[in-house]
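Okay, thanks everyone, I'll keep this quick. Have a look at what's on the screen and then I'll walk you through it.

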Protein chains: 2
Amino acid sequence: MAKKELHIISTGQQPIKEFVSTIASIHDYVDYIHIREKTKTAKEIFDTVMYLTENKIPLSKIIINDRVDVAAVTRVAGVQLGYSSLDVESVKSRFPELKIGCSIHSKEEAIAAEKNGANFCLFGHIYSTKSKPGIAPRGITGLTEVVSTTNLPVIAIGGIQPQSTLDVIEAGAAGIAVLSGVLLASNPLGAVKEYAYKLGREGVHNEARKL
Amino acid sequence: MAKKELHIISTGQQPIKEFVSTIASIHDYVDYIHIREKTKTAKEIFDTVMYLTENKIPLSKIIINDRVDVAAVTRVAGVQLGYSSLDVESVKSRFPELKIGCSIHSKEEAIAAEKNGANFCLFGHIYSTKSKPGIAPRGITGLTEVVSTTNLPVIAIGGIQPQSTLDVIEAGAAGIAVLSGVLLASNPLGAVKEYAYKLGREGVHNEARKL
């Protein structure tokens, strides 16, 4: 199996120090860390990036949600754009150095994201999740449809547990994104190793077996 | 008297269409229009800029509060940075094409803004204003102190009425910034002409005399 990506997304619920401390302990098993803190100011997000780098998290692993300006000045890997963000095309044109993730919820949005120059898309939610109450999950069927529609890597998000990770990957996802499943787990390192093992990452096989 | 600047700052209270419609009717008398809409998303601020340009407001007159990314992709004149924004130095370094205004409240902050590369500072509030209840105004004394401390143009803000405009200018301000005094006036065009007249703008003398 080709290497599949593991993205960890901040919950918006943790104090910065707690978030950074957890990330520092797990980032060896993670490809990208998304700072998605919708109520934080530009300065607070900037400070979070500084604090991550002080804790040896490489900029090349950091993606910032919505605040393209903070991403540009801190020189992190990229940005994640949603409905209320600047459009992919404008960001791609002005900030060609940034990797652009686009949040999508349908085949049509996947097609648009690819056409506009996104580098990957985040599709969900796949399974029921407390963070999306009352909205029907897209399921594996929805994921399969989107994967067959676009050439972009599709990162699946929403209620994915270690035991459902393989189903998601077999449906064609290029990786998964997890929030509370790791960051709010009683044992974040144990949790991230479980996901990493399911994603076929080398070196965690024996460790995860022991969990 | 050298030409003094008139900045109009959005109130955060008006629907976009109403704001743009008013700006379209007054912008001939205005040097800079600040989009300061702290609860609006990046997309909404982007759309506001597009709507202003559709209504013939030149990009060279538009300044965006806090969202440097929206300023960069829309290519407006500049940004206004406050306490919760990215710092002046980072923005100056990454976006040298943007004119940078820095919101300050003391001599020390004026010195820092100048050292860090700001192009002007916004100092206030000068007079009591409903938008800053319970905080003592800096007054003409505070303004005079700041002006004597920095080489930056100081734009005065906060409760400035047409009848107090000359006092502010005589204290050394390079201009004034007004929000509700124009945008929420019963007659915005009449109000802006009053300010423009007090600021010594050519061509409004006779018009304002008739008010």
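When I say contact, I mean heavy atoms within 4.5 Å. With that in mind, and remembering that this is a predicted model, 21 residues of chain B touch 21 residues of chain A. Putting the two chains together buries about 1,700 Å², and carbon and sulfur atoms give 59% of that.

Now the polar side of things. Between chain B and chain A we get 14 residue pairs in polar contact, both residues at pLDDT 80 or more. On chain B, the elements that give two or more residues to the side touching chain A are helix 2 (42-54), helix 3 (68-74) and helix 4 (88-94). Helix 3 of chain B gives the most, with five residues. As for chemistry, that side of chain B has nine nonpolar, four polar and eight charged residues.

So how many salt bridges run between chain B and chain A? Four. One of them has the side chains of A:Glu97 and B:Arg94 meeting at 2.6 Å, N to O. Here A:Glu97 comes from the loop between helix 4 (88-94) and strand 5 (99-104) of chain A, while B:Arg94 sits in helix 4 of chain B. A:Glu97 is partly exposed at 42% relative accessible area, but B:Arg94 counts as buried at 14%. There's also B:Arg67 with A:Asp66, at 2.8 Å, N to O, and both of those residues are buried.

Over all chains the count is 14 salt bridges. Within chain A, look at A:Asp31 and A:Lys3, 2.6 Å apart, N to O. A:Asp31 is in the loop between helix 1 (16-26) and strand 2 (32-35), and A:Lys3 is in the segment before strand 1 (5-9), so this pair ties together parts 28 residues apart in sequence. A:Asp31 is buried, at 11%, whereas A:Lys3 is exposed, at 55%. Add A:Arg201 and those three form a salt-bridge network.

Last stop, helix 7 of chain B, residues 162-170. Which of its residues are buried? B:Pro162, B:Ser164, B:Thr165, B:Val168 and B:Ile169. Down the helix axis they fall within an arc of 145 degrees, so they line one face. On the face turned away from that buried side you'll find the exposed B:Gln163 and B:Glu170. The cover over the buried residues includes helix 6 (139-149), strand 7 (154-157), strand 8 (175-178) and helix 9 (188-198) of chain B. And after helix 7 comes B:Gly172, with a positive phi near 110 degrees.

That's it from me.

How values were computed: Residues are numbered from 1 along each chain as its sequence is written. Chains are lettered from A and ligands numbered from 1 in the order in which they are written. This is a predicted model: local features need pLDDT of at least 70, side-chain atom pairs count only at pLDDT 80 or more; totals for chains, interfaces and linings use all residues. Side-chain values use heavy atoms; hydrogens and water are left out. Buried area is the accessible area (1.4 Å probe) that two parts lose on being put together, summed over both. A polar contact is a pair of N or O atoms within 3.5 Å; within protein, one must be able to donate a hydrogen and the other to accept it, and residues adjacent in sequence count only if both atoms are side-chain atoms. Helices (H or I, at least four residues) and strands (E, at least two) are DSSP runs, numbered from the N terminus. Ala, Val, Leu, Ile, Met, Phe, Trp, Tyr, Cys and Pro count as nonpolar, Asp, Glu, Lys and Arg as charged, and the others, Gly among them, as polar. Buried means under 20% relative accessible area, exposed over 50%, partly exposed in between (1.4 Å probe, protein chains only). The arc is that of the directions from the helix axis to the C-beta atoms.
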